[in-house]
Structures are given as structure tokens and as C-alpha cells.
Amino acid sequence: MIKAILTDIEGTTSSINYVKEVMFGYSKNRLKDYLQKHWEEEYIKNIIKSLSQKLEKNIDLETAVLVFKDFIEKDVKDTLLKELQGHIWEEGFKSGELKGHIYEDAYIKLKELKEKGYKIFVYSSGSIKAQKLFFGHSVYGDTTKLFDGFFDTTVGPKKDKNSYIRIASATKIEPKAFLFLSDVKEEINASKEADMNAILISRDKPCEEKDCIRDFTEINL
């Protein structure tokens, strides 16, 4: 019996284009000014120190900007980039320049499932900080109350079954009581290998396999 929902964000609850074009564009455009402004603050020093260790060379401001811009352009799932983007997006969400996009069908269904007593968790490559900002400053206002927990790639890669086993362990809910929702087939397969139930969300393409739906209105528990 399903007791918990685990959902991705991009392409699932929210538009890929919004995240990649609006949010990524925002962080890329403000990258240099943000680093320059906060360069001497401890959390930025720690990010730069970790980047220097990772690349095995001393990183100055100009190099950091070039490296992180390159990561953004290539959509590299780098933990340091995600942490930095979270700080940059925080300014954007709090100023009102950014508002997290959520599909209406996703918002309505998640609200319905929450009211029925299901536990709802998020698992995304974006940092937990960024996830909370995104849902806390959404087009529907603060929607963080819909969720019982947030997970990012610090638990492991999204295409690795062990990541889903760790999430189940952390929530103290057995894997087979989860329903995982994602628009990425490899993530669906990995969650199934961990003994979770899973459904592929295919918003822009016809469903060509068994466990696939077009949007959240088709979820029937």
C-alpha cells in the first residue's frame, strides 16, 4: 500500500524551461556580482576552497566565475554550484524577482494527497536550500507545508538505486510504500530497483510504456 510520495521537480511538478532558462539564467547573470559582493564571507570562502581542492589549483574571483558559468552552461550536477546557486536564488526569491513555477495539476493533486494523509517528499538535483526557496516563494505562495521532507544529491545520484534506499531509510518508510514521480526514465528504473513503485511523467511526449502518465490528474491511489 502506498503511504508516501517522492517527487522530482524539473519536468514533474514544474517546468523544465522555467528552471533552466529563468532560474539558471538568473544565477548566471548575477554570478560575478554576487561572488564579488560576498567574496570575504565564510560560506563563499568555503565554496571556493572546496572548488580549489577539486580542481587542484588556487581559484581567484575571475576563475571562479568562469568555472561556475561553464558548469551552468553544461548543466553539470555539481554540489558546489548547487550550493552557490541556492544563495543567489535566495536573493531573487526574497526580492520577488523569482517565483517558483508549479503546474496547476501538480499543486492540486499534491494538496489533495496531503489532505488524505500521504507523506510527500521531494528529491531533486537542486540543493535542499534551493528547493525550499522554490516552493516557499511559488506562484501559489508558500507551498512548503505540503512536504514532509526534502532530499538532494547529498544522498547520492538520482540514477543510483542506493539513493532511494537511503531516502526510505531516512524517512523510516519502507521502499515499497513509496510512489516515485519523475520525468527521467533512468531515475524511474533506479527507484524500482530499490523496490519503490514509480511512474514516469511524460508531459511533452506520448506515453510509450506501461507506468507512464501525462500529468498529476492521472495519479489514482
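## Strands, a disulfide and salt bridges

Visitor: How many bridges join strand 2 (residues 119-123) to strand 3?

Guide: Two strands pair if DSSP finds at least two bridges between them. Strands are DSSP runs of E with at least two residues, and helices are runs of H or I with at least four, all numbered from the N terminus. Strand 2 and strand 3 run parallel, and the number of bridges joining them is three.

Visitor: What kind of model is this?

Guide: Residues are numbered from 1 along each chain as its sequence is written. Local features need pLDDT of at least 70, side-chain atom pairs count only at pLDDT 80 or more, totals for chains, interfaces and linings use all residues, and side-chain values use heavy atoms, with hydrogens and water left out, in a model that is predicted.

Visitor: Which residue of strand 3 is the bridge partner of Phe-121?

Guide: Strand 3 covers residues 149-151. The residue there that partners Phe-121 through a bridge is Gly-149.

Visitor: Which strands stand at the edges of the sheet?

Guide: Six strands form this open sheet with parallel pairing, and their order is 3-2-1-4-5-6. An edge strand has a single partner, so one side of it is left without a neighbour in the sheet. The strands in that position are strand 3 (149-151) and strand 6 (212-213).

Visitor: Is the disulfide of Cys-207 and Cys-212 left-handed or right-handed?

Guide: The structure holds one disulfide, meaning a pair of cysteine sulfur atoms within 2.5 Å. The sulfur atoms of Cys-207 and Cys-212 are 2.2 Å apart. The torsion about their S-S bond is about -70°, so the disulfide is left-handed.

Visitor: Is Cys-212 buried or exposed?

Guide: Buried means under 20% relative accessible area, exposed over 50%, and partly exposed in between (1.4 Å probe, protein chains only). Cys-207 has 32%, so this cysteine is partly exposed. Cys-212 has a relative accessibility of 12%, so the word for this cysteine is buried.

Visitor: How many salt bridges does the structure hold?

Guide: A salt bridge puts a side-chain nitrogen of Lys or Arg within 4 Å of a carboxyl oxygen of Asp or Glu. One of them joins Lys-77 to Asp-75, at 3.4 Å from N to O. For the structure, the count is 20.

Visitor: How many residues apart are Glu-73 and Lys-28?

Guide: The side chains of Glu-73 and Lys-28 meet in a salt bridge of 2.7 Å, N to O. At the surface, Glu-73 is exposed, with 52% relative accessibility, while Lys-28 is partly exposed at 27%. The pair links distant parts of the chain, with Glu-73 in helix 3 (residues 61-73) and Lys-28 in helix 1, and the separation is 45 residues.

Visitor: Is Lys-116 buried or exposed?

Guide: Lys-116 forms a salt bridge with Glu-112, and their closest N and O atoms are 3.2 Å apart. Glu-112 has 28% relative accessibility, so this partner counts as partly exposed. Lys-116 has a relative accessible area of 56%, so this lysine is exposed.

Visitor: What is the relative accessible area of Asp-75?

Guide: Asp-75 shares a salt bridge with Lys-77. Lys-77 counts as partly exposed, at 47% relative accessibility. Asp-75 is partly exposed too, and its relative accessible area is 23%.

Visitor: Which residues are linked with Lys-158 in a network of salt bridges?

Guide: Here salt bridges join up into a network that includes Lys-158. The residues linked with this lysine are Asp-8 and Glu-187.
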